[in-house]
Every structure is written in structure tokens, then in C-alpha cells.
Amino acid sequence: MLASWTAATLAFFIAAYLVPGFTVSGLVPAMIGALVLGFANAVIRPIIVLFSIPLTFLTLGLFLFVINGAMLWLVTLVVPGVAVAHFGWAILAAAVIAVVNSFFGLFLG
């Protein structure tokens, strides 16, 4: 679990480096942001995905990118030191975080 949290924290920093509209002001906000994002993805995201099944079906799954961006946008509302310029950057940063977490997941098991 600690390795996964560390990977998610690194994913926040990589996303902040790659996405111009997404900023993380330090290590502690990145750690808290990774923790809050994990909580939001575990608790809130399944409920939203369940209620948005028709829209997800109509968009051939692309609406899931919007849901991921919304989860990251929620993190920016709760965690000081993590900011996003607008919702489009949140979607892109969430995609980068997901790719980086998947990459680290290959090595963590």
C-alpha cells in the first residue's frame, strides 16, 4: 500500500511537470492529493460511474475521462497546494496520472 501511495505521489509530480495547467506546490500536497484521489476513486467514482452508464455507453466510454477529470478537480477543491487552471487540464492531468500509475503498477505487482 505504501508503494502504491508513493507511485501515486510521483504520478502527481509527473503530471504537474507535463501538464501546464496542473500545479502541485510541494511534497505534502502531492501526498495528500494522492491519498484524497485514491479515496475519491474508491468511494465516489463508482457511484458516478453507475449513474452515468447510459452516457458512457453513448460516448463509447469517453465519458470516463470526464469522470476521472472530475475526481481530480474534486481533489483540487479539497487539498490546498494542488491546483488546476480549468476542467480541460484536469481531464488531461487525470489521464497522465492514470498512465503513470499503470506504468508503476506493472513494476509493483
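Which residues of α5 are buried? In this predicted model, they are A90, A93, A94, V96, I97 and V100. Helix α5 itself runs over residues 87-108, 22 residues in total. From its first C-alpha to its last, α5 reaches 31 Å, close to the 32 Å expected at 1.5 Å a residue.

The buried residues of α5 sit on the same side of the helix, because they cover an arc of only 165 degrees around the axis. An α-helix has 3.6 residues a turn, so residues three or four places apart point the same way. Several elements cover the buried residues of α5, including α1 (2-18), β1 (22-24), α2, α4 and β2 (82-84). The face turned away from the buried side looks different in its accessibility: V99 and L106 are exposed there.

Helix α4 also holds V66. V66 counts as partly exposed, because its relative accessibility is 29% and buried means under 20%. Residues up to four places away in sequence aside, V66 touches F87 and I91. V66 and F87 are 21 residues apart along the chain, yet 8.8 Å separates their C-alpha atoms.

F87 also takes part in a nonpolar surface patch of about 780 Å². The other members are F39, V43, I44, I48, W73, L74, L77 and V78. Helices α2 (27-51) and α4 (63-78) each supply at least two residues of this patch. One patch member, I48, is placed in α2. I48 is partly exposed, with a relative accessible area of 31%. I48 therefore passes the patch cut-off on accessibility, which is over 30%.

Key:
Residues numbered from 1 in each chain as written. Predicted model: local features only at pLDDT ≥ 70, side-chain atom pairs only at ≥ 80, totals over all residues. Heavy atoms only, no water. Patch = residues over 30% accessible without salt bridge, like charges linked within 9 Å, V, L, I, M, F, W, Y side chains within 5 Å. Areas by Shrake-Rupley, 256 points an atom, 1.4 Å probe, with all protein chains shown as cover. Salt bridge = Lys/Arg side-chain N within 4 Å of Asp/Glu carboxyl O. Helix = DSSP H or I, 4+ residues; strand = E, 2+ residues; numbered from the N terminus. Buried < 20%, exposed > 50% of the residue type's maximum accessible area, 1.4 Å probe, protein only. Expected span 1.5 Å × (residues − 1). Arc of directions from axis to C-beta. Contact = heavy atoms within 4.5 Å.
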